[in-house]
Amino acid sequence: MKKEDMLSHLKAFDPAIFTFLQDEIQRQRCTLSLVPTVNAMSPLAAFLEGSALANSSIESCAAGHGNYIEELVRTRAQELFGSEHAVVRLGNIAAASRVALLALLQPGDTVLSFNLRKQEHCAGLNYHFENYGIDPHLQKVDWDEVMQIAERVQPRLIIFSPVSYPRIPNYERLAEVTRTVGAYLWVDIGQCVGLVAAGLIPSPVALADVVSFPTNDSLRGPDGAILLCRKAIAPQLEAAVANTGHIALHMNHLASLGFALHAAAQPKFRAYGEQVLANSKALAAALESRGISLLCSGTETHLVLAAPAAGVDLMDAAQTLCRIGVHVKVDKIPTMQPQILLAALRLSSLNPTTRGLKETDMDVIAEVLARVLAGALTESEEDTLRMKIAKLLMDKPIFSEEWMNDAFARIDTSSSDTGSIHEHAAHERMSVLKNLFR
């Protein structure tokens, strides 16, 4: 059935879901997300997830067929990141985190964790968490102090998860700390995984016992997660996977994930990563030029931490930005001193780059952000900023064809499912923008 016929059938049969689909297309087209965990999925990865492969799981396939696709995905992950082993049967990062914890720890073990990360995934598990973080004044990690804490608390596991740290970590120093106290080292590279895969920022894989990451976000693949590990502890992780029920995935997910990993090994993906870094630096510079303070002295990744002016409530600022058409993540960054939390907007250049925005566009975004972070706006001022965002996004797709691989660019997609989706979405976008500018 053609895409247009399917949409017509959906509209007639289930108008509530059809309306939801239309509204969501309009929202994604006409608003801009700077949330680090939000990024558009590759159209080809999405096609595979929605394909006939959804009808088959590993267990339902002919002998050896399911094992082939899992081994292909595992091999691609290992080769892309230079890992000795990869676990790919994981539905999300929470599941991956519980698998890692259960594989590496015994009840009552001590965990030394950056910003107490992964403690949120420990419901029903008995571990003792100790915190380390950035120095609240220097806003960077003091590795000598981390060493002192590790020697004092003697953790079985040290975790580093830089989801709110926009600088390049000193993985060598962190590995030295873990070796000194005889601990395991687990690094969750989070939304930096795409930059690591592209070779644009350092990788912790050679130094850590376990490395985890989500497979959507910066890899632009399906929802899910991967655990990379040393071969020596692979049996522990695989046993934890089986014991926690992660024994099957549908073929569509594995195929989509395999495609995303293959795409991440291509020159086009590295070019995308280079633009992500260029955009984050441009956004940081434009915010600073407008008097906005940045935590951690700027950025070396996709992440920018923008602090509000004195007296500005960040939740109010986020709601104002939402009305203008910009979605942001409000965060309170922990520090080495538990009583000191640093308020900031956690902004990412991932999704803007996927949509085709460049450095000059970051200046427009910074203007909007800076104006809201400076204080309250009148209704007229909000309208003016809303028009700036609408104009910026007028010709921007959800996923720019600039980042499609060259082979796709040579294919005529005018009659394909992907082409129909883009054409339909473009029509909806133009309808909305016409209403905005009336």
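**Sheets, packing and confidence in the predicted model**

An open sheet of three strands, with antiparallel pairing, has the order 9-12-11. Strand 9 (303-306) and strand 11 stand at its edges with a single partner strand each, so one side of each is left without a neighbour in the sheet. From one strand to the next, the twist averages 45°. The structure described here is a predicted model.

Within this sheet, strand 11 (residues 329-334) and strand 12 (residues 341-348) pair in the antiparallel sense, and six bridges are found between them. The two strands form a hairpin, with six residues between strand 11 and strand 12. Lysine 332 stands opposite alanine 343, a residue of strand 12. Helix 11 (residues 267-289) lies across strand 9 and strand 12. The direction of helix 11 is at about 15° to strand 9.

A second arrangement of strands was also examined. It is an open sheet of seven strands, in the order 2-8-7-6-5-3-4, and its pairing is mixed. The edges are taken by strand 2 (85-90) and strand 4 (128-132); each has a single partner strand, so one side of each is left without a neighbour in the sheet. Neighbouring strands of the seven-stranded sheet are turned by 20° against each other on average, direction ignored.

At one edge, strand 2 and strand 8 (residues 225-229) pair over four bridges in the antiparallel sense. Leucine 90 has alanine 225 of strand 8 as its bridge partner. Helix 9 (residues 234-243) lies across four strands, namely strand 2, strand 6 (184-188), strand 7 (210-214) and strand 8. Helix 9 runs at about 5° to strand 2.

Strand 3 (residues 110-114) includes threonine 110. The relative accessibility of threonine 110 is 15%, and the residue therefore counts as buried, the cut-off being under 20%. Leaving aside residues up to four places away in sequence, threonine 110 touches His128 and Glu130, together with Val153, Gln154, Pro155, Arg156 and Leu157.

For the protein as a whole, the secondary structure comes to 17 helices and twelve strands. The protein has 438 residues, of which 54% count as buried. Among contacts with a separation of 6 or more, 73% are accounted for by residues 24 or more positions apart. The accessible surface comes to about 19,100 Å², and carbon and sulfur atoms hold 53% of this surface.

The mean pLDDT of the protein is 90. A value of 70 or more is reached by 90% of the residues. Two stretches have pLDDT under 50 throughout, residues 411-426 and residues 428-438. Beyond four places in sequence, the model has 19 contacts for residues 411-426 and 20 contacts for residues 428-438.

How values were computed:
Residues numbered from 1 in each chain as written. Predicted model: local features only at pLDDT ≥ 70, side-chain atom pairs only at ≥ 80, totals over all residues. Heavy atoms only, no water. Pairing = 2+ DSSP bridges. Axes fitted to C-alpha atoms, helices over the stretch in contact; angles between N-to-C directions. Contact = heavy atoms within 4.5 Å. pLDDT = per-residue confidence, 0-100. Buried < 20%, exposed > 50% of the residue type's maximum accessible area, 1.4 Å probe, protein only. Areas by Shrake-Rupley, 256 points an atom, 1.4 Å probe, with all protein chains shown as cover.
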